[in-house]
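I am opening my notebook to record, entry by entry, what I looked up and what I found.

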Amino acid sequence: MKIIIPMAGMGKRMRPHTLTVPKPLVPIAGKAIVHRLVEDIAKVCGEKIDEVAFIIGDFGKETEQRLIKIAESVGAKGSIYYQREALGTAHAIYCAKESLGGKVVVAFADTLFKADFTLDTSNEGIIWVQKVEDPRPFGVVKLNDKNEITDFVEKPEHFVSDLAIIGIYYFQDGENLKKELQYVIDNNIKDKGEYQLTSALENMKNKGIKFLPGKVTDWLDCGNKDSTVDTNSRYLEYIKDQKLVASTVKLTNSVIIQPSYIGENVELVNSVVGPHASIGNGTKITNTVINRSIVQENAVISNATITNSMFGNSAQYKGKALDLSVGDFNVIA
């Protein structure tokens, strides 16, 4: 089994955090989004992962080394491919054509999921979906009475289905997928100016490949700051029975409210952290109340009340320590 992860996008909706690191390396509960994604796919695959191929932009050698280690953490070989131009999802996957063989899972790296099934690899193709209240912003699938996918509809203006494609796909024959992607590119088949995976899926379906829906129990978006903070909170709830606070954390007159992730050598002074806070290694927090937020490594925060927020690596934030004398019925905003 191979996992193919296109992640060459600029992550503009996550600025300024993606100015220095690609969005899939932003941490969720102490691990990079893409690390969580690889681990969760490995859990449902039910068989050994031989290779994880990452399709990236010009992210630098340090990022590439981190990605290789993520693959190795699930016992797989890590491979790096490059998408030099943003030409669409089909083009991105085709950039890893040397790794498209055998059983393949394709997963776009801005989403996480929770599922309680084991992938049935005897099927020709599986497209993972979840029911949504408003399907208009998503690509959706239609099913027949045999539970087979009959149509792919991109951002429907009128209701055709509430099963949204979450961006994770299984293909029993990676070579066939490669052939169909090459056909789309060679014949300049574009949708909205780009080569789309759905064009290849439509060709495969028309040639008799049966695609079934894989329904997840939860779909966690990491597209922008607010959705990523929300995903961090929800993910902490999933793993709250795990050890989330490092033994090297230094507490001085401080409280941690679980579930919260606190990394190595974090120092908390006169502070309340949590619930649903993730604090990266080496961060120092003083005279602060912080919840429902993500703080990356080596940050320094003091004299603040913080919620629904993200702080990057080595960020510094200092609020105001007030000395007040407030009379009866005064309102201070």
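Before I place any residue, I note that helices here are DSSP runs of H or I with at least four residues, and strands are runs of E with at least two, both numbered from the N terminus. I also remind myself that this is a predicted model.

**Entry on Ala71 and its helix**

I began with Ala71 and asked which element holds it. I found Ala71 in helix α2, and α2 spans residues 61-73. Is Ala71 buried or exposed? Its relative accessible area is 0%, and buried means under 20%, so I write Ala71 down as buried. I then looked up how far Ala71 lies from Lys103, a residue 32 positions away along the chain, and the C-alpha atoms of the two are separated by 17 Å.

**Entry on the unit around α2**

Next I looked at what α2 belongs to, and I found that β4, α2 and β5 together make a right-handed β-α-β unit. Strand β4 covers residues 51-56 and strand β5 covers residues 77-82, and the two pair in the parallel sense over six bridges. Which residue of β5 is the bridge partner of Glu51? I traced the bridge from Glu51 and arrived at Lys77.

**Entry on the second largest pocket**

I turned to the second largest pocket, for which I noted a volume of about 480 Å³. The pocket is lined by 20 residues, and the closest to its centre are Gly30, Lys31, Ala32, Arg66 and Glu297. I then asked which elements give two or more residues to this lining, and they are β3 (31-32), α2 (61-73), β19 (277-279) and β20 (284-295). Helix α2, which I had already met as the place of Ala71, provides the largest share of the lining, with three residues. Sorted by class, the lining of this pocket holds nine nonpolar, seven polar and four charged residues.

**Entry on β20 and its partners**

Strand β20 had come up in the pocket lining, and I therefore followed its pairings one at a time. Strand β17, residues 267-269, pairs with β20 in the parallel sense over three bridges, and there Leu268 has Ile285 as its bridge partner. Strand β18, residues 272-273, runs parallel to β20 and is joined to it by two bridges, with Val273 standing opposite Ile290 of β20. Strand β19 and β20 also pair in the parallel sense, over three bridges, and here I found Ala277 opposite Ser293 of β20.

How many bridges join β20 to strand β21? I found ten bridges between β20 and β21 (residues 300-311), and these two strands run parallel. Ile290 appears again in this pairing, where it stands opposite Ile306 in β21.

**Entry on two cis peptide bonds**

I looked up the peptide bonds before two prolines. The bond from Gln258 to Pro259 is cis, with omega near 0°, and Pro259 lies in the loop between β15 (255-256) and β16 (261-262). A cis peptide bond also joins Gly274 and Pro275, with omega about 0°, and I located Pro275 in the loop between β18 and β19.

**Entry on two asparagines with positive phi**

I checked Asn188, which is not a glycine and nevertheless has a positive phi of about 55°. Asn188 is found in the loop between α4 (174-186) and α5 (197-206), and its relative accessibility of 47% makes it partly exposed. Asn287, also a residue other than glycine, has a positive phi near 50°. Where is Asn287 placed? I found Asn287 in strand β20, and at 38% relative accessibility I count Asn287 as partly exposed.

**Entry on cysteines**

My last search was for disulfides. A disulfide is a covalent bond between the sulfur atoms of two cysteines. The cut-off I needed is that the two sulfur atoms lie within 2.5 Å, and by this rule I counted zero disulfides. I also looked up the accessibility of two cysteines: Cys45 has a relative accessible area of 2% and is buried, and Cys95, with 17%, is buried as well. Both values fall under the 20% that defines buried.

Definitions and conventions. Residues numbered from 1 in each chain as written. Predicted model: local features only at pLDDT ≥ 70, side-chain atom pairs only at ≥ 80, totals over all residues. Heavy atoms only, no water. Buried < 20%, exposed > 50% of the residue type's maximum accessible area, 1.4 Å probe, protein only. 1 Å grid on protein atoms, 1.4 Å probe; cavity = no way out; pocket = protein on both sides within 12 Å on 5 of 7 lines; lining within 4 Å. Points joined across faces, edges and corners; volume = space filled by probe spheres on them. Nonpolar A, V, L, I, M, F, W, Y, C, P; charged D, E, K, R; others polar. Pairing = 2+ DSSP bridges. Right-handed = clockwise from strand over helix to strand, strands pointing away.
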